[in-house]
Each structure stands twice: as structure tokens, then as C-alpha cells.
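Take a moment to turn the model around and get a feel for it. Then let's walk through a couple of its features together.

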Amino acid sequence: MIESDMNLHYPIEYLVFQLEDPSSVDEFIRKDKEVWTAFLEKSPAFYYKEMWVNDSNPGEVHSIIAWKDMEQWKSITKDQVIAVDHEFTKQYTKPYKITRRIHSECNHQLFLYNIVINDGK
């Protein structure tokens with residue numbers, strides 16, 4: 001097992017998307033990686049990102065992003081977000097919406113604390 005240090009306390013951004021076309025989940029995730037993740041990887045605050053799919057609700061995609069630091073995360077400007085979102089919607093042209101911003105529902109008090117990974121050893 002691989003286990004992280006305790007008390008990581010990395011802020012979490014947690015978005016839930018609903019795609020109008022559930023058959024386009026793979027395309028949505030691929031375009032998200034090409035556009036959004038590529039942008040995020042340039043930020044020193046970015047730690048990691050996961051994309052989850054809810055098979056019980058076709059077309060529902062969860063995006064979980066861990067940030068190293070809240071201040072650096074929030075230093076990404078609205079103009080940057082708008083520009084990246086514009087590029088994403090040029091590449092992924094099917095309708096979708098963000099149905100939840102769970103990090104906002106938690107008043108930005110959702111934090112990664114510990115990770116344990118079964119590495120087979």
C-alpha cells in the first residue's frame with residue numbers, strides 16, 4: 001500500500017456535469033483532458049484531477065480537482081476561466097450543464113486529507 005502523509009489539507013473543487021448525450025461521455029472526458037486539464041497542469045497550485053462517471057445516471061460526470069493551496073487556486077482569474085471554457089465548448093460542442101458545485105455547497109471547506117492506494121505490494 002502507498003499512503004500519503006496525514007493532514008494534507010488540500011482544497012477540493014468538485015463539479016458535477018450532466019451531458020445531454022450520455023453516449024458522448026468518453027468524448028467529454030477526452031476533451032476535458034485536452035483543454036481543462038492541460039490548462040490546470042500549468043498552475044503551481046494544481047495537485048491532481050479525477051473524472052468519475054455515474055453509471056446509474058447516464059451522462060453524469062464528476063470532476064474532482066485537488067489543489068495544493070487555496071490562495072493560488074483562487075488566483076486563477078475569471079478571464080482565464082472564460083477563455084479556457086470558450087476553447088472547451090469549441091471542441092466539445094454537445095449540450096451539457098454543471099448541475100452541482102459541491103465545493104461551493106461546502107463553503108470551500110472540502111479538503112483532501114489522506115490517500116491510500118493499493119499498489120499490489
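**A loop, then a pocket**

Let's start with His 108, which counts as partly exposed, with a relative accessibility of 23%. The label fits because partly exposed covers the range between under 20%, which is buried, and over 50%, which is exposed. Keep in mind that this is a predicted model.

So where do you find His 108? Look in the loop between H4 and S6. Its backbone is worth a glance: His 108 isn't a glycine, yet it has a positive phi of about 55°. To see what's unusual there, remember that most residues other than glycine have a negative phi.

Now check out Asn 107, in the loop between helix H4 (102-105) and strand S6 (111-112). Asn 107 isn't a glycine either, and it has a positive phi of about 55°. Is Asn 107 buried or exposed? It's exposed, with a relative accessible area of 58%.

Next, hunt for the largest pocket, which holds about 540 Å³ of space. It is lined by 23 residues, and the ones closest to its centre are Glu 13, Leu 15, Trp 36, Val 81 and Ile 98.

Which parts of the fold supply that lining? At least two residues each come from strands S2 (10-19), S4 (60-67) and S5 (96-101), and likewise from helices H1 (25-40), H2 (70-74) and H3 (78-91).

And what kind of residues are they? The lining of the largest pocket is made up of 13 nonpolar residues, seven charged ones and three polar ones.

Note on methods. Residues numbered from 1 in each chain as written. Predicted model: local features only at pLDDT ≥ 70, side-chain atom pairs only at ≥ 80, totals over all residues. Heavy atoms only, no water. 1 Å grid on protein atoms, 1.4 Å probe; cavity = no way out; pocket = protein on both sides within 12 Å on 5 of 7 lines; lining within 4 Å. Points joined across faces, edges and corners; volume = space filled by probe spheres on them. Helix = DSSP H or I, 4+ residues; strand = E, 2+ residues; numbered from the N terminus. Nonpolar A, V, L, I, M, F, W, Y, C, P; charged D, E, K, R; others polar. Buried < 20%, exposed > 50% of the residue type's maximum accessible area, 1.4 Å probe, protein only.
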